[in-house]
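Colleague: I'm new to this model and would like to learn how to read it. Could you take me through it one feature at a time?

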Amino acid sequence: EQRQYIQQIRLMPDAPKSYHVVTYGCQMNAHDSEILAGMLRDMGMEEAADRESADFVLFNTCCVRDNAERRALGNVTWLKEVRKKNPRLMIGVCGCMIQQPGMAEKILKQYRFVDLAFGTANLYRLPELMLKALESDRAVVEVEEQNTIAEGLPVQRLRHDAAYITIMYGCDNYCTYCIVPYVRGRERSREMSAIVAEAEALRDSGVKEIMLLGQNVNSYGKGLQTPVTFAQLLKALDDVGIPRIRFMTSHPKDLSDELIDVMAHSKHILPQFHLPVQHGNDEILRRMNRHYNRAQYLDRVRKLREAIPAIGLTTDIIVGFPGETDEEFEDTIKLCDEVRYDAMFTFIYSKRVGTPAASMPDAATREDKQRRFDKLLEAANRVSAEKHAEYIGKTVRVLVDGETGKDEYNLSSRTNGGRLVHLAGDKSLIGQFIDVKITSGNTWALYGKVGE
C-alpha cells in the first residue's frame, strides 16, 4: 500500500524535490530517521545539505527530557521565517513528542505553519500521510496506538560500514520517571528470522558493525508466538559473521546468566555493556520502579566482569529524582566509585507530565540538584581520565568510523570496548579496521598513531 503511495508522489509535478530530516534523541530515533529518509528517497527526493535549501523539512522528535522537546519546538519556530523566503516549503513534525496525548493538536494550534504531524506508530505510513498533505489545504495529523511492526521498509543508512537493527519496540517496565512506554507503546519483538535475514543482507553489503536496538533488549522475544531469548538471538547473529555486534539498552533486572555466557563465548559480540543503574540508593530505586536493588545490580556487574574481564561498562544516572536527599545521592557516588564505569551518561531529573514521578513531592532546589550533578560529573571524569591513562603506550584495534573536523586528529574510531580514539590519517581509512598506538588521553577520548 505504501509503495503505491510512493509511486503516486513520484508522478506529482508539485511534490517536494529535496528533503532534510532533523533528528533528536536516542539511537532508535536515529534509525527511525534513516527509515524516513529511505522512504523520502523512494518518493523521488534528494537529501538537501541543510534545512534552508530543502523543500521538505521533517523534525523527528524526542520527549525523554524537557530540553530536547524545547529545542525541537524552537527549531520548528525558526522554520517559519525560512518559509517566508520559500513559500513552497513543507514542514513536518513526527516522533515521540507527537505521540504524547494531545501534543499533535497542540503543535498544530500553536504552529499553524506545520503541514504534517504524526507519531512513532505512524512512521511506516509516511508516504500515505505525505500524499494526504500534498492533496489537502489543511494540516494532516495522525497519531494511533502502537501495535504494528512493519517489515521491509527502505533505509537510507548514515554509514556504509555500520548499521542499526531494531529488534524490538516499546517497553513494559514503566519506570516512574520515564515517558517512553507511553509514546513507544508496549513491548513488541520482531521475528528472529527477519532480524537474522537483515543482518545477513548487511553482511553481504560490506557492513562491519551492527548495533541492535531496543528499549530493553534483554526482554526480546517474550511476546513472540514461539518465545525466544535475547541470548538465543545473539548466538544466531554471532553465527552470521559480521565482525562487530553491539547492543543497547539493557535493563539490569532482565540480565540473564545465559546472556553473559553467550557473550563470553562469542566470536563477534563486543565486550561492551550499557547497564543503566539510574541511582545507587535502594529507596530511590524502589520509587523509580526499577525492580532491583543496589546489591542485585552489583552482583550482575560482578558476573559480567568475571565472565568477560575486558568488558567496558557504561551506565545512565539520574540526579535529583523527586525526594532525593544529599545522603541518598551519596549512595550513587559510592556505587560509581565501586563500579568504576568506563563512561557515564548523567542527567538532572526532567519532569515528564503523565508519569508517576511528575506528581511526587520534591523539596530539593535546582541549585541542590546542580551541585549534586557537578559532584557526580567530577567523579565520572576522574575515573575516565584514570582509565584512559592506562592505555597510553598500548596498541589497540579500532574501526575508523568518521571524521572529527579537526586538523591534527582528523579521524575518529572505536575500540572493541567502545572507547573513542582520535587519530591522524587519510579519510580512506574510514570503514577500516586498523591498529593504533595510544600516545595520550584525556577525560573524553584517547589519541593515537596509526600502525605503531
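**Reading the model together**

Colleague: Let me start with a single residue. Is Y111 buried or exposed?

Modeller: Y111 is buried, at a relative accessible area of 13%. Buried stands for under 20% relative accessible area, exposed for over 50%, and partly exposed for what lies in between (1.4 Å probe, protein chains only). Before we go on, note that this is a predicted model: local features need pLDDT of at least 70 and side-chain atom pairs pLDDT 80 or more, while totals for chains, interfaces and linings use all residues. Residues are numbered from 1 along each chain as its sequence is written, and side-chain values use heavy atoms, with hydrogens and water left out.

Colleague: How do I read aromatic rings, and how many pairs are there?

Modeller: A pair of aromatic rings is described by how far apart the centres are and by the angle of the planes. Rings of Phe, Tyr and Trp (its six-membered ring) pair if their centres lie within 6.5 Å; planes under 30 degrees apart are stacked, over 60 edge-to-face, and the rest tilted. The count here comes to 9 aromatic pairs. One of them joins Y111 and F113 edge-to-face, with 6.1 Å from centre to centre and 85° between the planes. F113 is buried too, with a relative accessible area of 12%. Elsewhere, ring pairs gather Y177, F321 and Y349 into a cluster.

Colleague: Now a helix, please. How many residues does α2 have?

Modeller: Helix α2 covers residues 27-42, which is 16 residues. Helices (H or I, at least four residues) and strands (E, at least two) are DSSP runs, numbered from the N terminus. From its first C-alpha to its last, α2 reaches 23 Å, close to the 22 Å expected at 1.5 Å a residue; the expected span is 1.5 Å times one less than the number of residues. The helix is mostly covered, with 13 of its 16 residues buried. After α2 comes G44, whose phi is positive, near 100°.

Colleague: Which residues does S33 contact, leaving aside its neighbours within four places in sequence?

Modeller: S33 sits in helix α2, and it is buried because its relative accessibility is 7%. With those sequence neighbours set aside, S33 is in contact (heavy atoms within 4.5 Å) with V21, T23 and N60.

Colleague: N60 takes us to strand β3. Which way do its side chains point?

Modeller: In a regular strand, side chains alternate between the two faces of the sheet. In β3, F56, L58 and N60 point one way and V57, F59 and T61 the other way. Strand β3, residues 56-61, has 6 of its 6 residues buried.

Colleague: Which strands does β3 pair with?

Modeller: Two strands pair if DSSP finds at least two bridges between them. Strand β1 (residues 18-23) runs parallel to β3 and is joined to it by 5 bridges, with V21 partnered by L58. Strand β4 (residues 90-95) also pairs with β3 in the parallel sense, over 6 bridges, and there F56 stands opposite M90.

Colleague: How is the sheet with β7 ordered?

Modeller: It is an open sheet of 3 strands in the order β7-β10-β11, with parallel pairing. The edges are β7 (162-166) and β11 (244-248); each has a single partner strand, so one side of each lacks a neighbour in the sheet. From one strand to the next, the twist averages 20°. Helix α2 packs on this sheet, touching β7, β10 and β11, and its direction makes about 100° with that of β7. Axes are lines fitted to C-alpha atoms, for helices over the stretch in contact, and angles run from 0 to 180 degrees between N-to-C directions. Strand β10 (residues 209-213) and β11 share 5 bridges, and I210 has I245 as its partner.

Colleague: And what is the strand order in the sheet with β13?

Modeller: That open sheet has 3 strands, ordered β12-β13-β14, and its pairing is parallel. Its edge strands are β12 (272-274) and β14 (343-348), each pairing on one side only. The twist averages 10° from one strand to the next. Helix α14 (residues 366-389) packs on the sheet and touches β13 and β14, its direction making about 175° with that of β14. Between β12 and β13 (residues 312-319) there are 3 bridges, and F273 has L313 as its bridge partner.

Colleague: One last residue: where does S428 lie?

Modeller: S428 is in the loop between β17 (420-423) and β18 (433-441). With a relative accessible area of 53%, S428 is exposed. S428 and G402 are 26 residues apart in sequence, and their C-alpha atoms are 10.0 Å apart in space.
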